[in-house]
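Trainee: Please take me through this structure one question at a time.

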Amino acid sequence: MSLLSVLEKTRRDLLDLSTRNRLIHTSIDADRSNGILIPEQEPDSLFLRLVRQTKTFTFDSVVESSDSPATEPSEVSLKTLFSRNKLRERLLKCFFEARTAEEEQGSSILYLALGFLQWREVGPSTTDRFAPLLLVPVDLYRDNANSQFRLKFRDDEMVTNLSIQARLLQDFGLRFPDLPESILDDDDWTPSKYFKEVTKSIRDQKTWRVRTNDVLLGFFSFSKFLMFRDLSPEAWPKNARLEKNKLLRSLLVDGFRDSSATGLPNEETLDKQLNPADCIHVTDADSSQAAVIHE
């Protein structure tokens with residue numbers, strides 16, 4: 001087995017491709033979803049205002065929109081299907097969950113999903129699944145406990161749904177288009193162009209469709225996304241190819257044949273070999289751990 005094939009299997013294993021993963025299936029029913037559904041949004045206009053023009057958005061209830069607080073002139077109101085009280089409950093929940101996730105994981109997992117792929121699994125299944133297509137990083141905030149919640153673009157990488165891409169490639173042999181390297185530098189790129197390319201990719205799947213105007217504010221975890229991306233051979237420079245790395249080849253393919261070349265005799269006192277003052281460890285390590293780090 002080649003190192004490249006082992007690396008590719010390792011990359012696939014990092015992605016949860018089951019329907020438990022929200023990137024594979026997310027309910028877009030307003031009452032059942034864990035997020036906030038924002039129906040009937042024109043994707044290009046929303047992308048232009050939120051990402052390119054960095055405008056701030058507020059939320060509004062369609063049911064009670066006439067009684068809703070006025071927004072600032074430069075703000076855009078996102079209409080939801082909730083009552084005002086239900087909307088406030090959902091926003092509070094999202095706000096505290098986003099803050100907790102960032103405190104515990106060190107990164108935000110709150111995204112605005114633009115567009116969904118409505119698809120079905122292999123076999124005679126008639127159950128529709130819904131996978132987000134474009135994920136825009138956003139921040140939800142408020143000035144104080146009595147003020148409106150606002151949404152803004154978080155200056156981070158906008159991504160496609162790698163998990164559903166891997167699942168559809170595995171089950172159907174379908175390949176989805178990639179995003180440009182820097183969307184913000186490509187003035188001609190729009191979500192609708194991407195949706196048209198996806199629609200072409202699924203043209204032979206008669207029961208599938210791209211729901212271009214569905215938008216959902218929700219949590220999508222990319223905790224393993226960076227590892228998945230970093231293990232791609234294309235992500236490494238030509239003079240340091242990942243598949244040429246001797247340590248990786250020994251670890252994943254060939255094994256370490258010279259098991260005696262440890263550098264630290266078992267009977268030797270560790271301090272004689274490693275000066276504690278020279279051991280810069282991220283966390284505390286005992287003697288056996290220090291020996292492993294050194295080797």
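Mentor: First, a term for what follows: helices (H or I, at least four residues) and strands (E, at least two) are DSSP runs, numbered from the N terminus. The model is predicted.

Trainee: Where does Glu40 lie?
Mentor: Glu40 is not a glycine, yet it has a positive phi of about 55°. Most residues other than glycine have a negative phi. At 65% relative accessibility Glu40 is classed as exposed. Its place in the chain is the loop between strand E1 (36-38) and H2.

Trainee: Is Thr54 buried or exposed?
Mentor: Thr54 also has a positive phi, about 45°, although it is not a glycine. It sits in the loop between H2 and E2. Its relative accessibility is 54%, and exposed means over 50%, so Thr54 counts as exposed.

Trainee: Turning to charged pairs, how many salt bridges does the count come to?
Mentor: Side chains of opposite charge can pair when their charged atoms come close. The rule used here asks for a side-chain nitrogen of Lys or Arg within 4 Å of a carboxyl oxygen of Asp or Glu. By that rule the number of salt bridges is eleven.

Trainee: How many residues apart in sequence are the parts that Lys79 and Asp60 tie together?
Mentor: Lys79 and Asp60 form a salt bridge, with the closest N and O atoms 2.9 Å apart. Lys79 belongs to strand E3 (residues 76-80) and Asp60 to strand E2 (residues 57-61), so the separation in sequence is 19 residues.

Trainee: Within that pair, is Asp60 buried or exposed?
Mentor: The partner Lys79 has a relative accessible area of 35% and is partly exposed. For Asp60 the relative accessible area is 8%. Buried means under 20%, so Asp60 is buried.

Trainee: Where is Arg167, which meets Glu121 in a salt bridge?
Mentor: The N to O distance between the side chains of Glu121 and Arg167 is 2.9 Å. The pair links distant parts of the chain, 46 residues apart, with Glu121 in the loop between strand E4 (110-119) and strand E5 (129-141), and Arg167 in helix H4 (residues 162-172).

Trainee: Which residues are linked with Glu121 in a network of salt bridges?
Mentor: Glu121 also forms a salt bridge with Arg129, where the closest N and O atoms are 3.0 Å apart. Glu121 is partly exposed at 22% relative accessibility, whereas Arg129 at 18% and Arg167 at 9% count as buried. The residues linked with Glu121 in the network are Arg129, Arg167 and Asp171.

Trainee: Next, the helices: which word describes how H2 and H5 lie to each other?
Mentor: The axes of helix H2 (residues 43-52) and helix H5 (residues 191-201) come within 8 Å and cross at roughly 135°. That angle is neither over 145, as roughly antiparallel requires, nor in the range 65 to 115. H2 and H5 are therefore oblique.

Trainee: How many residues of the contact of H2 with H5 are nonpolar?
Mentor: From H2 come Pro43, Asp44 and Phe47, and they meet Pro191, Ser192 and Phe195 in H5. One residue of this contact is polar and one is charged, while the nonpolar number is four.

Trainee: Which charged residue takes part in the contact between H1 and H7?
Mentor: The axes of helix H1 (residues 3-14) and H7 come within 10 Å and cross at roughly 80°, so H1 is roughly perpendicular to H7. Leu3, Val6 and Leu7 of H1 meet Leu248, Arg249, Leu252 and Val253 of H7. Six of the contact residues are nonpolar and one is charged. The charged residue is Arg249.

Trainee: What does Glu243 touch, not counting residues up to four places away in sequence?
Mentor: Glu243 is in the loop between helix H6 (225-230) and helix H7 (246-254). At 17% relative accessibility Glu243 counts as buried. Its contacts beyond that sequence range are Leu3, Leu4, Pro233 and Arg249.

Trainee: Last, which residues touch the most other members of the largest nonpolar core?
Mentor: In soluble globular proteins, nonpolar side chains tend to be buried together. The largest nonpolar core here has 70 residues. Among the residues that Leu112 touches are Ile38, Leu46, Leu50, Val136 and Leu216. The two that touch the most other members are Leu112 and Leu117.

Key: Residues are numbered from 1 along each chain as its sequence is written. Side-chain values use heavy atoms; hydrogens and water are left out. Buried means under 20% relative accessible area, exposed over 50%, partly exposed in between (1.4 Å probe, protein chains only). Axes are lines fitted to C-alpha atoms, for helices over the stretch in contact, and angles run from 0 to 180 degrees between N-to-C directions. Angles under 35 degrees count as roughly parallel, over 145 as roughly antiparallel, 65 to 115 as roughly perpendicular and the rest as oblique. Contact means heavy atoms within 4.5 Å. A nonpolar core is a set of buried Ala, Val, Leu, Ile, Met, Phe, Trp, Tyr and Cys residues joined through side-chain atoms within 4.5 Å.
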